[in-house]
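Got your viewer open? Load the model shown below and keep the selection tool handy, and we'll walk through it stop by stop.

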Amino acid sequence: MFLPFRRYFDFSGRSRRLEYWLFLLFNLFVAVLVTMLGIEIEENSAPGKSGGMDFGSKLLLAYALGISCPVLALQVRRLHDLEKSGWYVLLGLIPYIGGPALAYLLAQKGTPGENAYGPDPLRPETDISDFL
C-alpha cells in the first residue's frame, strides 16, 4: 500500500489490483484520521472565528492535494495493466457515469503476461543473473 508513494511520478508500467485497492483503503483511513484531527483542533481553538474554511477542511484539502499525483499515476498504471491508455482516467470527469465506469475498469483483472506497457506485475519475469 506504500508502493505508490515510492512511484510518486511514475506513469509508466503496470500496477496490480491489490496495490490500487489497498492504497485507496489506506488513504480513506488517513482521510478519516485527518478529518477527526482537524475537528479536534477546531474544537479546542479560540471560539468566535466564523466564515471561510475551518481548519479540518484545510487540513483535508492539503492531504488530498498531496496524494493527487500518486493516485493519478496509480490509476494510469492500473489502466496500463488492462492494456488501456492512461487517458481513460479522464472518464472520471464525466458527471454521474464517469466515476462508476472508471471504478469498474480499475476493478477488472489485468491482462496476463507481458503487454505493451510492461511485464505482468503478478508474475514478474526474473532473470537468474539477478540472484547470482
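Start with Y96: at 80% relative accessibility, this residue counts as exposed, where exposed means over 50% relative accessible area, buried under 20% and partly exposed in between (1.4 Å probe, protein chains only). Before you click further, note that this is a predicted model, in which local features need pLDDT of at least 70, side-chain atom pairs count only at pLDDT 80 or more, and totals for chains, interfaces and linings use all residues. Residues are numbered from 1 along each chain as its sequence is written, and side-chain values use heavy atoms, with hydrogens and water left out.

**Stop 1: two backbone oddities**

Stay on Y96, in the loop between α3 and α4. Its phi is positive, about 70°, although Y96 is not a glycine. Most residues other than glycine have a negative phi. Now select E83, also found in the loop between α3 and α4. Phi of E83 is near 60°, again a positive value in a residue other than glycine. E83 counts as partly exposed, at 44% relative accessibility.

**Stop 2: zoom out**

Switch to cartoon view. You should see four helices and zero strands, in the order α-α-α-α along the sequence. Helices here are DSSP runs of H or I with at least four residues, strands are runs of E with at least two, and both are numbered from the N terminus. Of the chain's 132 residues, 30% count as buried.

Turn on the surface. The accessible surface comes to about 8,900 Å², and 67% of that belongs to carbon and sulfur atoms; these areas come from the Shrake-Rupley method with a 1.4 Å probe, and for residues only the protein chains shown count as cover. As for contacts (heavy atoms within 4.5 Å), take those with a separation of 6 or more: residues 24 or more positions apart account for 69% of them.

**Stop 3: helix α4**

Select residues 98-106, which is helix α4. Which residues of α4 are buried? Color G98, L102, L105 and L106 and you have them. Look down the axis of α4: the buried residues fall within an arc of 95°, so they line one face of the helix. That arc is taken from the directions from the helix axis to the C-beta atoms. Show the neighbors, and you'll find these buried residues packing against α2 (17-43) and α3 (55-81). Spin to the face turned away from the buried side to pick up the exposed residues P100 and Y104.

**Stop 4: the core**

Next, select V30, Y63, L79 and L106. They have the most contacts inside the largest nonpolar core, which has 16 residues. A nonpolar core here is a set of buried Ala, Val, Leu, Ile, Met, Phe, Trp, Tyr and Cys residues joined through side-chain atoms within 4.5 Å. Helices α2, α3 and α4 each supply at least two residues of this core, and the largest share, six residues, comes from α3.

**Stop 5: a greasy stretch of surface**

Select L18, L22, L25, L28, F29, V32, L33 and M36. Together they form a nonpolar patch on the surface with about 770 Å² of accessible area. Patches are made of residues with over 30% relative accessible area and no salt bridge; like charges are joined within 9 Å, and nonpolar side chains (Val, Leu, Ile, Met, Phe, Trp, Tyr) within 5 Å. Pause on F29, which lies in helix α2 and is exposed, with a relative accessible area of 55%.

**Stop 6: salt bridges**

A search of the whole structure finds five salt bridges, each one a side-chain nitrogen of Lys or Arg within 4 Å of a carboxyl oxygen of Asp or Glu. Warm up with D10 and R7, whose side chains meet at 3.1 Å, N to O. D10 is partly exposed, with a relative accessible area of 24%.

Then head to D81, which forms a salt bridge with R14, the closest N and O atoms being 2.7 Å apart. This pair links distant parts of the chain: D81 is in helix α3, R14 is in the loop between α1 (3-6) and α2, and they sit 67 residues apart. Are D81 and R14 buried or exposed? Both are buried.

Keep D81 selected and add R78: this salt bridge has its closest N and O atoms 2.6 Å apart. The two are three residues apart in helix α3, so about one helical turn separates them. R78 is buried, with a relative accessible area of 0%. To finish, select R14, R78, D81 and D120 together: salt bridges that share partners join them into one network.
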